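Subject: Structure handover

Hello,

I am passing the structure on to you. Please look through it before reading my notes.

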Amino acid sequence: MREITLADLDDIATGAAILGTGGGGDPHIGRLLAASAVREYGPVKLCTLDELPGEAALVQVAMMGAPTVMVEKLPSVDQVSAAAGALSGYLGSGLTHIACSEAGGVNSLIPVVAAAQLGLPLVDADGMGRAFPEIQMVLPTLYGVRATPMAIADEKGNRAVLDTVDNHWAERLARSATIDMGCSAMISSYAMTGAQARDSLVPGTLSLCAELGRLVREARAAHTDPVAAVVARLGGTTLFTGKVTDVERRTVTGFARGTATLSGLDGDAGSELILRFQNEYLVAEVDGQVRATVPDLICTLDRESGEAVTTEALRFGQRVTVIAAPADPRWHTPEGLALAGPRYFGYDLDPVRAEGGSGHDLAPGRATPFSGDDLDPGQATPSSGHDLDPGRAATPFSDDDLDPGRATPSSGHDLDPGRATPSSGHDLDPGRAAL
Amino acid sequence: MRIGIDVGGTNTDAVLLDGRQVLAAVKTSTTADVTSGIVAAIAGLQEQRPFDPADVRAVMIGTTHFINALVEARRLAPTAALRLSLPAGASLPPMVDWPGRLIEAVSGRGYLVHGGHEFDGRHIAELDEAEVRKAAADMGQAGVRSVAITSVFSPVNAEFEARAAEIVAAELPDVAISLSSEIGRIGLLERENATIINAALRELAAHIVDGLASSVSGAGITAPLYLSQNDGTLMDVDFARRYPVATFASGPTNSMRGAAVLSGLDTCAVVDVGGTTSDVGVLRHGFPREATTDVTVAGIRTNFRMPDVLSIGIGGGSRVRDGAVGPDSVGYELTSKALVFGGDTLTATDIAVAAGRAEIGDPSLVAHLDKSLVEAALRRIAADVADVVERMRTSAEPLPVVAVGGGSVLLPDELAGAGEVRRPDHYAVANAIGAAIAQIGGEVDRVYAVEPGRRDAVVDAAKQEAVDRAVAAGASPSTVQIVDFDEVPIPYLPGNATRIRAKAVGELQLTDAKGR
């Protein structure tokens, strides 16, 4: 894919919902905003990581706060660009490219809005290769790239720039600002050079979203199995087909945690699947045996349509197929697991990898999982030379950045839909969901 | 006694009930003007079982007329959407995701003004009354006849919608006004869409409701008239004039509730086999299980509460070929295309007749059909329907199956995995019976400040208010019960704010014209 046109947005939204692994927010509003921006400013040029000049100056843009607020208080095109503009102003240098922080959910499409309005190419890559709830949960963190300076903008015209001592302070301060801004704001963060981006981002993920969406659309049109097409493309495996018989949700230290129980259909008749989630699907157990865990992708798809079913939309009676797919291998290094492994999320489990994990091509050419040695702070210093803020950006990451003990769920996450429960009611109501 | 009428796209069905006993049941063709079909249906009842119109205590009508008007994009009023949201929301104006032909059909115009609330009740901006007046003046010049007003987070606080409505009504006294806070849930675009649809149907609703009322009174019936709503409860005609959108899913709801009454089961799966599809829904405690995802109506995303119905393309008109049944159907051409009617197309109806399950048309015209072909087709139908029922079943508990609709003769007496299929009397007019037995409800949906130790008292007060509202709407006090209750704590708000929703329903309290 060389550029993103209006015609591509539906497919990208469908694919992004799948890579959202149950979280990341419904891409519907992102799709509408991107359509509005592309209609006004024209198609967005896509740039692969390989084409990206080493001296390119990138920033990521994303929506922060509660997706359920965003569907009520709709963001505007200007608001997205305002965050990137404020960061660019603080950095005192022009931007050459826009990048995605996550490939899953609404935040795969928000950067399209900024790229269209600012007239900048969008990098076909993201920081996760999926969706995660916390802002430091990106591969650039493993490479010592800092989240700040970052900018945050609301719809009223308020903007703030945060320049913090570490990424946890960035999260804490940005979250406070987001709540005051009404629980839905746009952020721009992770300023980095092209060289840093080539090292640390997951390549090709916007194209992958578009391709997954196209596969689902074509399979439906041809009356073939869309779920099978998704599994094949992701190099994953089908874990279970069943109907949701129970959904239990509770809010623990601000997170929308919960479990869903599915009873098997077809070949899985007589079996039971337990899905554990915290914004995203994190653990899948079939008949008491753990079959897949975070950081691999656990996606729940409508059995007939192949559309992703988010943890918020998960309801009694739905008929779904649960699949697992390998994450970028760098998430399986000790440092990656410390940042986003099952123990970080509070499950005392060793990670269980999706079967067929070798076949995926989320990170062609970079699939070699780097060993622990690679993370020696002295060596992991991102390619020096780049220059958005030389004094700071080259700071090797400290223990703080990877210490799960410090990054307690109650303190820092930024992109967590469950935290800022809106006053809407229904969607988050445990009494109703657990029929 | 009471009369239930279901006005479908093809047929108008009517029943005369005494308690839950069916005294008379008729099927007539739906007419273009709706009302003459109803006159014919009531006359048919009178012919079958003569009654004194003064003995009728209530008439309940279920109709797909409004949803069909939207789908067919006809008779929709010129409508404006007024959104109170600036500075938010400007990039996605009203109707941004609508099909172009429907925007044209409602001559849709969108206006954005400053206003709206944050999730926690703060104001995004103060309501700009001058902007509202200016928008109203422009609407007046453009010939707008109905206005839909939507404010950000109005399900939490509707004060701006109410104030904007006052201003618009003062400027444009003749337009109809619909408020989103009275129609939908959180999710601005979906709620606004539902409100615009409602607004566009207001004129048609007034016309149809007047027509229904005059055709009923023309038959000498002076009892009150009710329309059935999506959730299986009733609304009076004044409410129906203001909220036509509340009738959208009453068809499947009535069919399911009618099946429950006919079979005496209040928790069951209902298979409604029509001409083109079989629709399967599940009743729990007498009410349909609700769908939980956004519902797209005529290409427009909305967030109505709709019954959870799964459909497959098997019905009386389904074509049968190469061992497959459906999903394509000869539809309304059944009476010319099916073999039993002298046509040349093998349909599911021909299979039913050949198997001796129904006497329709001329059975001799299917006598030549190969026995194994007939049995294979019936097996296929049974297997496909059993699969859908199995998918709708959500627990290991056995779920009895009730079959209704004209095509239900296609189903076997036993369904794999589900057991016996019950086929109650009058199965062909279950819709009209469902309308006739609909109950009347009252609802509370509000944010309460719950002080420590006061939760039970607050919950009780909310439930009592729902009960009182049901009684005020006409429910018999001794029959009212709470059927739905939600309690959602709202974080980040002082005072332990909790959103409480309670819904109560009861039997309609009936008195006839003679005061009985």
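The notes below cover confidence, the domains of chain A and the nonpolar core.

This is a predicted model, in which local features need pLDDT of at least 70, side-chain atom pairs count only at pLDDT 80 or more, and totals for chains, interfaces and linings use all residues. Residues are numbered from 1 along each chain as its sequence is written, while chains are lettered from A and ligands numbered from 1 in the order in which they are written.

The predictor reports an ipTM of 0.79 and a pTM of 0.82 for the complex. For chain B, the average pLDDT (the predictor's confidence in each residue, from 0 to 100) is 87, and 95% of the residues reach at least 70.

Chain A is assigned domain 1 (3-205) and domain 2 (225-360 + 426-433); the bounds come from an automatic or database domain assignment. The centres of the two domains, taken over C-alpha atoms, are 25 Å apart. In domain 1 of chain A, 21 residues are in contact with 22 residues of domain 2 of chain A, contact meaning C-beta atoms, placed from the backbone, within 7 Å.

The largest nonpolar core (buried Ala, Val, Leu, Ile, Met, Phe, Trp, Tyr and Cys residues joined through C-beta atoms within 7 Å; buried means 20 or more other C-beta atoms within 10 Å of the residue's own, again placed from the backbone) has 298 residues. A:Ala83, A:Ile98 and A:Val230 have the most contacts inside it. Leaving aside neighbours within four places in sequence, the contacts of A:Ala83 include A:Val61, A:Ala151 and A:Met186.

Regards

Conventions: Contact = placed C-beta atoms within 7 Å. Buried ≥ 20, exposed ≤ 12 C-beta atoms within 10 Å, placed from the backbone.
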